[in-house]
Amino acid sequence: QVQLVESGGGLVQPGGSLRLSCAASRIIYDMAWYRQAPGKQREFVARISRGGITNIAASVKGRFTISRDNAKNTMYLQLNSLKPEDTAVYYCNTVFVGNEYWGQGTRVTVSS
């Protein structure tokens with residue numbers, strides 16, 4: 001079993017930045033970020049392998065950066081040049097031994 005705990009969300013003005021963190025309870029391989037905006041379906045944001053190979057959604061490429069610290073079992077998402085449409089709950093996700101795990105989410109609100 002895996003526990004995922006996100007942190008780092010908050011209220012930020014358009015154009016601002018935030019760094020989200022996701023701490024895992026054990027060593028895992030691929031990790032990903034998803035987000036769910038109010039009234040919309042959950043959508044993929046970014047994924048990173050244990051070796052550091054990344055995949056970023058086109059909607060955030062160039063503004064968001066995903067990284068991880070394997071020694072800390074922690075993944076990060078750097079959010080820059082934030083827009084109101086980035087407002088969402090951001091979730092950490094992984095698959096371990098055939099089971100999918102989600103964190104509780106951290107809320108990001110972009111508003112002036």
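**View 1. The S-S bond of C22 and C92 has a torsion of about -75°, so the disulfide is left-handed.** The model shown in this and the other views is predicted. C22 lies in strand β3 (residues 18-24) and C92 in strand β9 (residues 88-96), so the pair links distant parts of the chain, 70 residues apart. The S to S distance between C22 and C92 is 2.0 Å. The structure holds one disulfide.

**View 2. Both cysteines of the C22 to C92 disulfide are buried.** The relative accessible area of C22 is 0%; because buried means under 20%, C22 falls in that class. C92 likewise counts as buried, at 0% relative accessibility. The strand that carries C92, β9, is mostly covered. Eight of the nine residues of β9 are buried.

**View 3. Strand β9 pairs with strand β4 (residues 31-36).** The two strands run antiparallel and are joined by six bridges. Within this pairing, Y34 stands opposite Y91 in β9.

**View 4. Strand β9 also pairs with strand β11 (residues 106-110).** Three bridges connect β9 and β11, in the antiparallel sense. A88 has V108 in β11 as its bridge partner.

**View 5. β9 and β10 form a hairpin.** Strand β10 comprises residues 99-102 and pairs with β9 over four bridges in the antiparallel sense. One of the residues involved is N93, whose bridge partner in β10 is W102. Two residues lie between the strands of the hairpin. In the turn, V97 has a positive phi of about 50°.

**View 6. R35 in strand β4 makes side-chain polar contacts with E43 and D86.** The contact between the side chains of R35 and E43 is at 2.6 Å. The side chain of R35 also makes a polar contact with the side chain of D86, at 3.0 Å. R35 has a relative accessible area of 7%; it counts as buried because this value is under 20%.

**View 7. Surroundings of R35.** Not counting residues up to four places away in sequence, R35 touches Q41, R42, E43, V45, S59, V60, F64, E85, D86, A88, V89 and Y90. Among them, E43 and D86 are the partners in the side-chain polar contacts of the preceding view. A88, another residue touched by R35, is the bridge partner of V108 in β11.

Methods:
Residues numbered from 1 in each chain as written. Predicted model: local features only at pLDDT ≥ 70, side-chain atom pairs only at ≥ 80, totals over all residues. Heavy atoms only, no water. Disulfide = S-S within 2.5 Å. Buried < 20%, exposed > 50% of the residue type's maximum accessible area, 1.4 Å probe, protein only. Pairing = 2+ DSSP bridges. Polar contact = N/O pair within 3.5 Å; in protein donor to acceptor, adjacent residues only side chain to side chain. Contact = heavy atoms within 4.5 Å.
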